[in-house]
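Subject: A structure for you to look at

Dear colleague,

Here is the structure I promised to pass on to you, and I would be glad if you opened it before reading further. My notes on what was found in it follow below.

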Amino acid sequence: RVEERDYPLSPGVVATSLAGTSDRFRFIACAAEMAELLRGSYWARNGSYERVRSALESLRPEYGARPEWQELADLAARAQEIAIRNLVSH
């Protein structure tokens, strides 16, 4: 069951920069951007696999030791390699 809630956010609750967010938030944002990139989404038009990889590498080392981090980093690297290969062959 899905339930939507709507309420105002007070100033200061929302981060004004990516640096002001948690490692968890940035990891989830990387996963979301990867999904959009892989499906060729309009919303990822300014994104890149390299940006995803850079954002992942900016997370604290203890976060980077998690298996889900490694899986996403590997996926981003493979997708970037495929994209480059496709550019070169066309």
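Glu-68 and Arg-66 form a salt bridge in this predicted model, and the closest N and O atoms of the two side chains are 3.8 Å apart. Glu-68 has a relative accessibility of 34%, so it counts as partly exposed, and Arg-66, at 35%, counts as partly exposed because its value also falls between the limits of 20% and 50%. As a general point, side chains of opposite charge can pair when their charged atoms come close.

How many salt bridges does the structure hold? There are seven, and another of them joins Glu-3 to Arg-1, with 3.2 Å between the closest N and O atoms. Here Arg-1 is exposed, with a relative accessible area of 91%, whereas Glu-3 is partly exposed at 47%.

A salt bridge is also found between Asp-23 and Arg-26, where the N to O distance is 2.5 Å. These two residues both lie in helix 1 and are three residues apart, which is about one turn of the helix, and both Asp-23 and Arg-26 are buried. If you follow the charges further, you will find that Asp-23 and Arg-26 belong to a network of salt bridges together with Arg-60 and Glu-62.

Both Asp-23 and Arg-26 turn up again around Leu-59, a residue placed in the loop between helix 2 (49–57) and helix 3. Leaving aside neighbours within four places in sequence, Leu-59 is in contact with Asp-23, Arg-26, Phe-27 and Trp-69. Is Leu-59 buried or exposed? Its relative accessibility is 6%, so Leu-59 counts as buried. The C-alpha atoms of Leu-59 and Leu-37, by comparison, are separated by 20 Å, with their positions 22 residues apart along the chain.

Arg-26 is also a contact of Leu-18, which touches Phe-25 as well when neighbours within four places in sequence are left aside. Leu-18 lies in the segment before helix 1 and, at 48% relative accessibility, counts as partly exposed.

The aromatic rings come next, and the structure holds two aromatic pairs. In one of them, the rings of Phe-27 and Tyr-63 have centres 5.7 Å apart and planes at 55°, so this pair is described as tilted. The pair links distant parts of the chain, since Phe-27 is in helix 1 (residues 23–38) and Tyr-63 is in helix 3 (residues 61–64), 36 residues apart. Phe-27 is buried, with a relative accessible area of 11%, and Tyr-63 counts as buried at 9%.

Tyr-42 and Trp-43 form an aromatic pair that is edge-to-face, with 5.0 Å from centre to centre and 85° between the planes. Trp-43 has a relative accessibility of 69%, so it counts as exposed. The ring of Tyr-42 has a further partner, because the charged end of Arg-45 sits over that ring, 3.9 Å from its centre.

Finally, please look at the surface, where Tyr-7, Leu-9, Val-13 and Val-14 form a nonpolar patch with about 440 Å² of accessible area together. Among them, Val-14 lies in the segment before helix 1 and counts as exposed at 51% relative accessibility.

With best wishes

Key:
Residues are numbered from 1 along each chain as its sequence is written. This is a predicted model: local features need pLDDT of at least 70, side-chain atom pairs count only at pLDDT 80 or more; totals for chains, interfaces and linings use all residues. Side-chain values use heavy atoms; hydrogens and water are left out. Rings of Phe, Tyr and Trp (its six-membered ring) pair if their centres lie within 6.5 Å; planes under 30 degrees apart count as stacked, over 60 as edge-to-face and the rest as tilted. Helices (H or I, at least four residues) and strands (E, at least two) are DSSP runs, numbered from the N terminus. Buried means under 20% relative accessible area, exposed over 50%, partly exposed in between (1.4 Å probe, protein chains only). A charge sits over a ring if NZ of Lys or CZ of Arg is within 6 Å of the ring centre and within 35 degrees of the ring normal. Patches are made of residues with over 30% relative accessible area and no salt bridge: like charges are joined within 9 Å, nonpolar side chains (Val, Leu, Ile, Met, Phe, Trp, Tyr) within 5 Å. Accessible areas come from the Shrake-Rupley method with a 1.4 Å probe; for residues, only the protein chains shown count as cover. A salt bridge is a side-chain nitrogen of Lys or Arg within 4 Å of a carboxyl oxygen of Asp or Glu. Contact means heavy atoms within 4.5 Å.
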